[in-house]
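Q: I am new to this structure and would like a close look at one part of it. Please keep the sentences short.

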Amino acid sequence: MAWTQVYTPVAGSIAASAVCAAIPLLVLFYMLAVKQAKGHVAALSGLAAALVVAIALWGMPVGLAVSSTFNGVAFGLFPIIWIVITAVWIYNMTVESGEFEIIKYSLASVTNDRRLQALFIAFAFSCFIEGTAGFGTPAAIAAAMLMGLGFKPLWAGGIALIANTAPVAFGAIGVPILVGAQVSGLDTLTVSQIAGRQLSLLALIVPLWVCVVMCGFKRSMEVLPAILVAGVSFGAVQFLLSNLHGPTLPDVGSAIASIACLMALLKVWKPKIVFVFEGEQVAEVEASKYSGSQIIKAWAAYLILAVFVFLWGLGSVKALLNSVPGAAISFPWPGLHGEVLKTAPIAAEGTVYGAMFSFNWLSAGGTAIFLSGLVSVPFMSGYSFGKAIACFFRTCAQLKFSILTVSTILGLAYVMNYSGMSSTLGIAFTHTGAMFAFFSPILGWLGVFLTGSDTSSNALFCGMQKDTALAVGMDPNLAVASNASGGVTAKMVSPQSLAVACAATNSVGMEGQLFRFCLAHSIGMTLFLCVLAYLQAGPLSWMLPG
């Protein structure tokens, strides 16, 4: 007989129940921010707390708790870890083959200013990768590239995570918005339009935010032209595409526009004072050290990667790949599928909470990256397929603790979801009445912190966002869009993202330090979106589509 979720197990009180449901998150927070524990230690501690609370207070059967944990672990391994391993593998190959030295030269020849390198790589280039792949790929690639340029691991990971915010809701060819609209039954274009009218404003300030983090406000003003060009070009194109076309192309178009405009600017303007971190020397660039063909050849791996992940993100290509016999495997997760029932107010009484696991190995983003890596091998000087395969296995060994961290975090999230603890937290926010518009982005933040994915957060909370908005008299499209927008600011502190960034910078064990580095920025950007959503529900309602 299926087990029915209960949302107020503690004294019949939603407030008391929500406090108890937050215990695993508080344990995670304490281990990362206070104890500065290694990521896998914090994740295992949080998972242990989630299992105890789910079984002891929510009454979840032990078998279901264990099965949901392994379902989450499996999802962590595929597709998430598959993306991380392949992305870091390509970076490692470019380092071993010597191509990354040429890439560094090509970037330094454009600018050796750390602020501008961050705008090019952490903001513009990672936004392109976000738009084409998403799911952890941008942080892995951007952080690895920044460290290769000489950024210290903490700065490389932190800057990559902070900069990769505005594009997240439209990542992976718009999947988060598509999912949010689907689960809430709302019009996709309308949700895309509102999210674009929120995130394009955030995009205007992210380049300035990144530079201020690196060098303070005064020194950021030295590169104000670049900050304005990067933010305005990105935000304008994101606004236009999200409102006129939909959610699939805003990131790709915005990133290309931002890169092109920055390149054009640097043809006619350079900062008077080059900024490097304390203790560094300004790198002198040797003129004409490499030819144009050598530079293009060195970038081939990332150019090929961009093409592959773009193609894999197209719905028609995914459908074609999944039609290959044996390429799309889906099955009910043993001991969990059909064994949990949702109830009001989360769903209609006795609604089955499904647990299907999809192993679409050919259409997965990680497979696109892996194939792009294989295609790139002939373009790498003195490299061979044998060396590439050996590098792949070394990369897997390098990422062993990150694999454990990400898998454990997803196990924790699934326990909270299937036990009903996540829904309890969501219901608690719905009791805020007219202030719900302010708290709506926080629900998205919470979902991404739990799962590391804006897509998963939207799947988890957007149905509830719509129902609650209707109950309190708020535009449901605004609530669903705010869930997607609020989630982007949690990406930088999600334990999954921290693990990815640390793995990419070969600094596994520094997750706690990176969490503290990013936390205040996550809170600040979230409050910006909370105030914006609240105003859009009231005096700024003219900003919403008619």
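Why is helix 23 (residues 495-504) largely enclosed by the rest of the structure? Please add what surrounds the topic, including helix 19.

A: A word on the basis comes first. This is a predicted model, in which local features need pLDDT of at least 70 and side-chain atom pairs count only at pLDDT 80 or more, while totals for chains, interfaces and linings use all residues. Residues are numbered from 1 along each chain as its sequence is written, and side-chain values use heavy atoms, with hydrogens and water left out.

Now helix 23. Ten of its ten residues are buried, so helix 23 is largely enclosed by the rest of the structure. Buried means under 20% relative accessible area, exposed means over 50%, and partly exposed lies in between (1.4 Å probe, protein chains only). Helices here are DSSP runs of H or I with at least four residues, and strands are runs of E with at least two; both are numbered from the N terminus. The buried residues of helix 23 include Pro 495, Gln 496, Leu 498 and Cys 502. Just after helix 23 comes Asn 506, with a positive phi of about 55 degrees.

Helix 19 (residues 421-430) is also largely enclosed by the rest of the structure, because nine of its ten residues are buried. Among them are Met 421, Gly 426 and Phe 429.

Helix 19 also meets helix 1 (residues 14-21): their axes come within 9 Å and cross at roughly 130 degrees. Axes are lines fitted to C-alpha atoms, for helices over the stretch in contact, and angles run from 0 to 180 degrees between N-to-C directions. That angle makes helix 1 oblique to helix 19. Under 35 degrees counts as roughly parallel, over 145 as roughly antiparallel, 65 to 115 as roughly perpendicular, and the rest as oblique.

Helix 1 brings Ile 14, Ser 17, Ala 18 and Ala 21 to the contact, and helix 19 brings Met 421, Thr 424, Leu 425, Ile 427 and Ala 428. Contact means heavy atoms within 4.5 Å. By class, the residues of this contact are seven nonpolar, two polar and no charged. Ala, Val, Leu, Ile, Met, Phe, Trp, Tyr, Cys and Pro count as nonpolar, Asp, Glu, Lys and Arg as charged, and the others, Gly among them, as polar.

Burial is found in a loop too. Tyr 383 lies between helix 16 (365-376) and helix 17 (385-398). Tyr 383 is buried, with a relative accessible area of 12%. Not counting residues up to four places away in sequence, Tyr 383 touches Met 93, Glu 96, Ser 97, Val 377, Ala 388 and Cys 391.
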